[in-house]
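Start with one residue and work outwards. The path then runs through helix packing, the cysteines and the loops.

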Amino acid sequence: MSTTKPRRAPVRRSRRDEYSESTRAALVNSAIELFAETGYAATSLDAIASSSRVTKGALYHHFPGGKKELFGAAFDQIERDVHERLSAVLEADRGTPWDAAVTALHAFLDMCLEPVYRRVVWQEGPHVMGFGEWWECEERHSLGLIASILERLMDAGQIVRLPIEPLARTLSGALASAATAMGVSDEPQRTREDFEQVIARLLQGLRPADQ
């Protein structure tokens with residue numbers, strides 16, 4: 001008697017489910033575009049629904065909390081995209097963990113100059129969501145990645161071993177300060193360069209004496 005377990009047929013999503021997912025994605029993408037272009041206050045739900053080619057009723061079906069809930073979904077989508085891009089940068093780097101960390105720092109600061117990320121996450125986010133909720137969301141998306149980078153550096157002996165959570169939160173705060181400063185600066189490129197110099201020097205201070 002065969003002991004091979006029968007394979008389960010792949011679960012196929014219904015057309016209704018696929019349509020619902022595509023509608024939600026269209027709403028989020030339109031919201032991102034409009035929030036970045038005109039800001040939260042000046043963006044109406046009518047404009048988002050029109051841009052998404054759906055009814056306002058469909059918008060409320062997916063986001064019963066209205067504009068603020070939709071902003072939260074837009075915020076999360078942008079942060080997920082940034083996380084994926086930074087993870088790809090780290091995976092692609094073939095140097096040492098230190099080289100990868102420096103490359104990721106450079107890439108993150110460049111991303112903070114991008115209009116969508118700069119406007120929605122760093123300019124609008126704290127005001128729309130309130131600082132506490134905004135910071136909690138920001139850490140949820142970034143803290144794990146920062147901690148994993150620091151752990152790799154410690155395991156490779158390229159920075160001294162320190163308690164990981166306080167160190168990750170300290171670096172997260174420095175990066176958030178850089179991004180926030182760029183968000184309100186009249187000279188964001190210069191602000192970016194200044195912060196990269198400072199943060200890189202702080203990281204250098206974590207290196208063992210023999211490196």
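At 0% relative accessibility, Leu70 counts as buried, since buried means under 20% relative accessible area, exposed over 50% and partly exposed in between (1.4 Å probe, protein chains only). This is a predicted model, in which local features need pLDDT of at least 70, side-chain atom pairs count only at pLDDT 80 or more, and totals for chains, interfaces and linings use all residues. Residues are numbered from 1 along each chain as its sequence is written, and side-chain values use heavy atoms, with hydrogens and water left out.

Leu70 sits in helix 4, residues 67-92. Helices here are DSSP runs of H or I with at least four residues, strands are runs of E with at least two, and both are numbered from the N terminus. What does Leu70 touch, leaving aside its neighbours within four places in sequence? Its contacts are Leu27, Val28, Ala31, Phe35, Leu45, Ile48, Leu59 and Phe63. Contact means heavy atoms within 4.5 Å. His106 lies elsewhere: 36 residues from Leu70 along the chain, with 30 Å between the two C-alpha atoms.

Ile48 also leads to Ser30, which touches Ile48, Ser51 and Ser52 when residues up to four places away in sequence are not counted. Ser30 belongs to helix 1, residues 15-38. Its relative accessibility is 7%, so Ser30 is buried.

Now take the whole chain. How many helices and strands does the chain have? The count is nine helices and zero strands. Read along the sequence, the pattern is α-α-α-α-α-α-α-α-α. The C-alpha trace spans about 70 × 65 × 30 Å along its principal axes. Of the 211 residues in the chain, 42% are buried. Among contacts with a separation of 6 or more, 66% come from residues 24 or more positions apart.

Next come two helix pairs. Two packed helices are described by the angle between their axes and the distance between the axes. Axes are lines fitted to C-alpha atoms, for helices over the stretch in contact, and angles run from 0 to 180 degrees between N-to-C directions.

Helix 5 (residues 97-111) packs with helix 7 (residues 131-155) at an angle of about 155°, and their axes are 9 Å apart. Helix 5 and helix 7 are therefore roughly antiparallel, given that angles under 35 degrees count as roughly parallel, over 145 as roughly antiparallel, 65 to 115 as roughly perpendicular and the rest as oblique. Their crossing is left-handed. A crossing has that hand if the near helix is turned anticlockwise from the far one by less than a right angle, and is right-handed if clockwise. Helix 5 contributes Pro97, Trp98 and Ala101 to the contact, and helix 7 contributes Ile149, Arg152 and Leu153. By class, the contact of helix 5 with helix 7 has five nonpolar, no polar and one charged residues. In this scheme Ala, Val, Leu, Ile, Met, Phe, Trp, Tyr, Cys and Pro count as nonpolar, Asp, Glu, Lys and Arg as charged, and the others, Gly among them, as polar.

The axes of helix 6 (residues 115-129) and helix 8 come within 9 Å and cross at roughly 110°. Helix 6 is therefore roughly perpendicular to helix 8. This crossing of helix 6 and helix 8 is left-handed. On the helix 6 side, the contact uses Arg118, Trp122 and Gln123. On the helix 8 side are Ala176, Ala179, Thr180, Met182, Gly183 and Val184. The classes are five nonpolar, three polar and one charged.

On to the cysteines. A disulfide is a pair of cysteine sulfur atoms within 2.5 Å, and the count comes to zero. For Cys112, the nearest cysteine sulfur is that of Cys137, 17 Å away. Cys112 is buried, at 0% relative accessibility. Cys137 is buried as well, with a relative accessible area of 8%.

Finish in the loops. Arg53 lies between helix 2 (45-52) and helix 3 (56-62). Most residues other than glycine have a negative phi. Arg53 has a positive phi of about 60° although it is not a glycine. Is Arg53 buried or exposed? Arg53 is exposed, at 79% relative accessibility.

Asp186 occupies the loop between helix 8 (164-184) and helix 9 (188-204). Its relative accessibility is 80%, so Asp186 counts as exposed. From Asp186 to Leu167 is 19 residues in sequence and 31 Å in space, C-alpha to C-alpha.
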